[in-house]
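Welcome! Here is a short briefing to help you find your way around this structure.

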Amino acid sequence: MQAPDTLRYSEEHEWVRVTDGIAVIGITDHAQDELGDIVFVELPAKDAAVTKGKPFGVVESVKAVSDVYSPVTGTVVEANDALADTPEVVNTDPYGDGWMAKVSLADPAEVEQLMTAAQYEEFVAKEKS
Amino acid sequence: MSALKRTPLYAAHQAAGAKLVEFGGWEMPVSYAGILDEHRAVRTAAGLFDVSHMGEFEISGPGAAGLCQRLTTNDVNLLVDGQVQYTLLCREDGGVVDDITLYRRAADRFLLCVNAGNIAKDWAWIQAHAEGVSVEDRSDATGLLALQGPRAAEILAPLTDVDLATLRTFRFAEGAVAGRPAIVSRTGYTGEDGFELYAAAAEVPVLWEALVEAGAPAGLQPVGLGARDTLRLEAALALYGNDLDDATTPLSAGLARFVKLDSDDFVGRDALRAERDAGSRRRLVGLELRGAGIARHGYPILGAGQPIGIVTSGTRSPTLERAVALGYVETAWAEAAEGLTVEIRGRQVAAAIVPTPFYRRARKSTPKGGS
């Protein structure tokens, strides 16, 4: 499993990268690996309000439907609409082109409550055992 | 939850890096390289499935043929030695106890292959009707592999003494595979040409290893239950527990050709005759989504905005690259040209009824031997 040091992580296996008050959000390498081949992604619309810990989208693998939970509270400024046609990018590039939404943060301090890469790796190891 | 059962190939699956999941009380591989990859392998080359979790009952001796006839909807009289029949066990009210394959090994010796999740239920059902006929549960002693795909025959041929060139669809022969006694059956659950191989549970790892090794150059991959489901769904083959259950009938499921209402009596015949005469209340149809999304088991089907049915199986077809589903709809809607939607997370997505199977392989040389 890969978890870049520059990102923050949620217990629902989303990652966050913050630049200038905008959080880019996606699902982790571990999450995509657990899901398997992703064949459908449903994302929030631009200007949608999202709430930390609440579902904001859906990823579907061949076998299963899974909610994607927002790791932060704020307003969607952009969703990765390219995933509608190429959902498999979430498998191949979860931290890059597989990003899901950009959210304008209501409370930037929320990000500090998320796990660091080291904490997330430990969390995943514990979940597995 | 009680401990999950494991097949004799559990160690082989672990070694192959399979993702293992619970299925019907068994710990089974859901995928190895990935469901889409495995699906493609079966459609274009070959796949090898461990389906040892399935159950096998042997019915033999005086009264064996009569018991099979009494318990199953198809006509056992149509079978000759070495022939397999897809058939159903039904309740008195026509509900499906299980869908099975029935092998005639001799005039007084039959093998029933039943769904893993139904072994205990079927066993009790058959025992309750056996009236002294010998029935033996061989499930734990028997392993089962499925070798499926356009290259299945060329992979198997060098490993068996069974003449595959003359073994027709829905026929079987008893011989050897990889030097071990086996039943080689030209049947499957994928919509491709292929074989199901029954052998002693202890010997199954030998067959598995030999087939994996012999098949690798031809593109054979081990395939898990994930692709087994997408393959069977593209072929519109019913899955018990999804598309069939105790509350569904074979007629409403579109399986009338496996129900011989004018042959000898069987459990459920009166109810099914009444259904034939009155017409089924609902029918299983093939659906294709016209909008974005995937229809899944349990999603409501609406006609002109009113609930008229339910999705029983659905996925995104890897071959067609479209969302396809099977579902029951009220009979009045079974041939509707428009007005249908599937409700996905509160949203209405347009759907169309389409002919099944969704996928049909290009037929080559295998003549049909079924009934």
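**A first look at chain B**

In chain B, the C-alpha centres of domain 1 and domain 2 are 24 Å apart. Please keep in mind that this is a predicted model. The notes below go through the domains, then one helix, then the contact with chain A.

**Domains of chain B**
- Chain B has three parts: domain 1 (10-50 + 140-234), domain 2 (56-137) and domain 3 (281-354).
- Where domain 1 of chain B meets domain 2 of chain B, 11 residues of domain 1 are in contact with 8 residues of domain 2.
- On the domain 1 side of this contact in chain B, 5 residues are nonpolar, 5 are polar and 1 is charged.

**Helix H4 of chain B**
- Helix H4 (residues 119-129) of chain B has B:Ile119, B:Asp122 and B:Ile126 as its buried residues.
- These buried residues lie on the same side of H4(B), because they cover an arc of only 70° around the axis.
- The other side of H4(B) carries the exposed residues B:Ala120, B:Ala124, B:Gln127 and B:Ala128.
- Among the elements of chain B that cover the buried residues of H4(B) are helix H3 (64-71), strand E5 (83-90) and strand E6 (96-106).
- Just after H4(B) comes B:Glu131, with a positive phi of about 45°.

**Where chain B meets chain A**
- Here 12 residues of chain B are in contact with 9 residues of chain A.
- Helix H2 (35-44), helix H7 (225-234) and strand E16 (306-317) of chain B each provide at least two residues of the chain B side.
- That side of chain B comprises 4 nonpolar, 6 polar and 2 charged residues.

Note on methods: Residues numbered from 1 in each chain as written. Chains lettered and ligands numbered in written order. Predicted model: local features only at pLDDT ≥ 70, side-chain atom pairs only at ≥ 80, totals over all residues. Domains from an automatic or database assignment. Contact = placed C-beta atoms within 7 Å. Nonpolar A, V, L, I, M, F, W, Y, C, P; charged D, E, K, R; others polar. Buried ≥ 20, exposed ≤ 12 C-beta atoms within 10 Å, placed from the backbone. Helix = DSSP H or I, 4+ residues; strand = E, 2+ residues; numbered from the N terminus. Arc of directions from axis to C-beta.
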